[in-house]
Amino acid sequence: MTNSAKDVALSLSLLALSAVWTWLVIDTIPTGWGHGDIGPRAFPMVLGIILGGLCILLLIRTYLLGRTPASKAGTGDVDAIEEASSERWGSMILVAVEISAYGFLLQKLGFLIATPILILFVLVIHLRLRSWKTILGMTLGMTLGCWLFFEKLLGIYLANGSWFNIG
Amino acid sequence: MDIFLQALASAMTPMAIASIGLGALIGLIFGSIPGLTFTVALALALPITFSMDPVPAIGLLLGTYIGGMTGGSVSAILLGIPGTPSAAATVLDGHPMTKQGNASIALGTAVIVSVFGGIFSLIVMIVSVDLVSRVAISFGPAEIFALVLFGLSTICGLCGGSLIKGLISGALGLMIMTVGLDTIDGVQRMTFGSVNMMQGVNLLVAMIGLFAVPFIIEAFAVKTSMPEKSQRISRVKAELPSIGLLGRNLWLMIKCSIMGTGIGAIPGTGGAIASFLAYDHAKRFSKKPETFGKGNIEGVVAPETANNAVTGGTLIPLLSLGIPGDPATAIVLAGLMIHGITPGPALFMNHAGEVYGMYVAVVLAYLWVLGLQLVGIRLFVHVLKIPRELLAVGVLVLCAIGAFSIRNSVFDIYSMGAIGVAAYVLVSFRVPITPIILGMVLGPTLENEFRTAMMLSMGDPEIFYSSPTVLVFFSLALLVIGLQAVSEFKAKKQPKNEVKADA
């Protein structure tokens, strides 16, 4: 996808988001009482309209004037992704699944069971590591290390499972 | 003088020195792990102080506060994931320095300028506590709104290549923070009836998602698609910044210290605003603004000096008026009151010894932080020897723990994941993500202060142009936007001229 095609896709998606956002804000949030009471609706609504306006500006700039902004994501940000390959999108989806599954398992099985499952899955399935020393070291080291440091030493509550609890 | 000597004696006991050191260590640990805030560290440290004498007790709390504020820069520089919102601006140039193999110089500079900023603000506080507190308290909702608007104008300097995309990013940040229960009217906004959504999006959760999740995705993607490219983040060497480097940035450090102290003295502001304003100032007045974002040391000096100068600034309204500037100083206030020290105008008459003891404790805390960090740098940089994908696995678990521990809610882990994936998509569409953080940091204050000001004036907008302070901040914001527009115009014109010259 070229830079200008990306900008058109971005501005159209965000324009749709701003339209839905503004409609939901107007539909669900009440206005203020008047006499200086700027109600809870004002800011989200104005921001939705501003976002829409900016997207239209970006669309005009890219589509009609044919200008593409500089090729950098921004000062010091996470590196701009040079090539959006299918592996990258696959990795993104897999990480999203891993985080969601970890949240679910944390709630149901607790930290001491959910964490080794996550680390094993990431190392063996996602990263396809085959060194059993690294896999065992990371899985047990991270789980027990975090548990001892956070829960036992610092007294920070790490989730106990609702199905069963060994922590 | 006698009182000061007594205070010095009470603050220099082995118990007091050890408790300040313990506080600094706890703060450093909590500050450097994304999601574990020093506010949490202070809440955990508070019960430990119950059985202690006042000076060691307050020293422990101040040590935790100062250690936490400084510790945020460690993960910001090494991993590009800020430990605290105040360290978000440090990522911009600190992490590129790590990639260039200069992590130890960035870390060393960060801690030295932090100590400079902190001690500078303490001196300002001691000398001008009465004057500054009077000026700071004169800031009403309209003035704070104008200051925050000025802070938002720095988005222009963080846009990278495209002003429109930077503004889109800032607007998204502001929108995210409107989700949840409205703090003034108690109305649910965009919650879709979900109890979890009522608490809104936590700033720290969002910050972890924005910075850590794209790092994890990218590390895993590179390992699976291009294993030959998957390697350690950078060369590892442990060297400290030279005296010459610090000397060259002395004037910048002084300016950012003044900025941080001033902003810290205004309740409801904080380190994040100060550090972004200082970063923008450093970039604007630098001889090499084009190197910002690529590992310019000034981009580490400015935010780190300013966010630590905030610590002295926040103590001004805290001690002289009993007004805590942020949740962390509110816990320090609680600690003071538990030990029978009630801040306010009479504090300096009734508890002069304890107040002087606190001043000494702040200096000791900074010395502890300096010692611990300078020793720790040799250990911290070894993190970079770990293969990137294994480091990402550790970051994933630590960030999930951090997100969960903020409110003991699994919903925050889901939020972290969703925001992180959205950030990855935005970065792939070349949208800068730093303005989102700025929008999220400043959004709630901007809205609340605007609405409060309008309520106070019964809907009359005159409140925004009748105060000289408000007009000054509005003018500064316009100036920043104007300068950015001019520099963008020049930047666009330049390549065309070059093309003509080539022809």
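Hi everyone, this is a short walk through a few features of chains A and B in a predicted model.

Let's begin with chain A. It is helical, with 5 helices and 0 strands, and read along the sequence the pattern is α-α-α-α-α. Chain A has 167 residues, of which 34% count as buried. Of its contacts with a separation of 6 or more, 56% come from residues 24 or more positions apart.

Now to chain B, and to helix H20, residues 434-456. What span should its 23 residues have at 1.5 Å a residue? The expected value is 33 Å, and the end C-alpha atoms are 33 Å apart, so the two agree. There is still a bend to look at: H20(B) has a kink of about 40° at Leu442(B), shortly before the proline Pro444(B). As for its surroundings, 18 of the 23 residues of H20(B) are buried, so the helix is largely enclosed by the rest of the structure. Just after H20(B) you'll find Met458(B), which takes a positive phi of about 55°.

My last stop is a helix pair in chain B. Two packed helices are described by the angle between their axes and the distance between the axes. For H4, residues 54-79, and H14, residues 298-321, the angle is about 165° and the axes are 10 Å apart. Angles over 145 degrees count as roughly antiparallel, so that is how H4(B) and H14(B) run relative to each other. Their crossing is right-handed.

Which residues meet there? From H4(B) we have Tyr65(B), Ile66(B), Met69(B), Thr70(B) and Ser73(B), and they meet Glu304(B), Asn307(B), Asn308(B) and Thr311(B) in H14(B).

Thanks for listening!

Notes. Residues are numbered from 1 along each chain as its sequence is written. Chains are lettered from A and ligands numbered from 1 in the order in which they are written. This is a predicted model: local features need pLDDT of at least 70, side-chain atom pairs count only at pLDDT 80 or more; totals for chains, interfaces and linings use all residues. Helices (H or I, at least four residues) and strands (E, at least two) are DSSP runs, numbered from the N terminus. A residue is buried if 20 or more other C-beta atoms lie within 10 Å of its own, exposed if 12 or fewer, and partly exposed in between; C-beta atoms are placed from the backbone. Two residues are in contact if their C-beta atoms, placed from the backbone, lie within 7 Å. The expected span of a helix is 1.5 Å times one less than its number of residues. The bend at a residue is the angle between axes fitted to the seven residues ending there and the seven starting there. Axes are lines fitted to C-alpha atoms, for helices over the stretch in contact, and angles run from 0 to 180 degrees between N-to-C directions. Angles under 35 degrees count as roughly parallel, over 145 as roughly antiparallel, 65 to 115 as roughly perpendicular and the rest as oblique. A crossing is left-handed if the near helix is turned anticlockwise from the far one by less than a right angle, and right-handed if clockwise.
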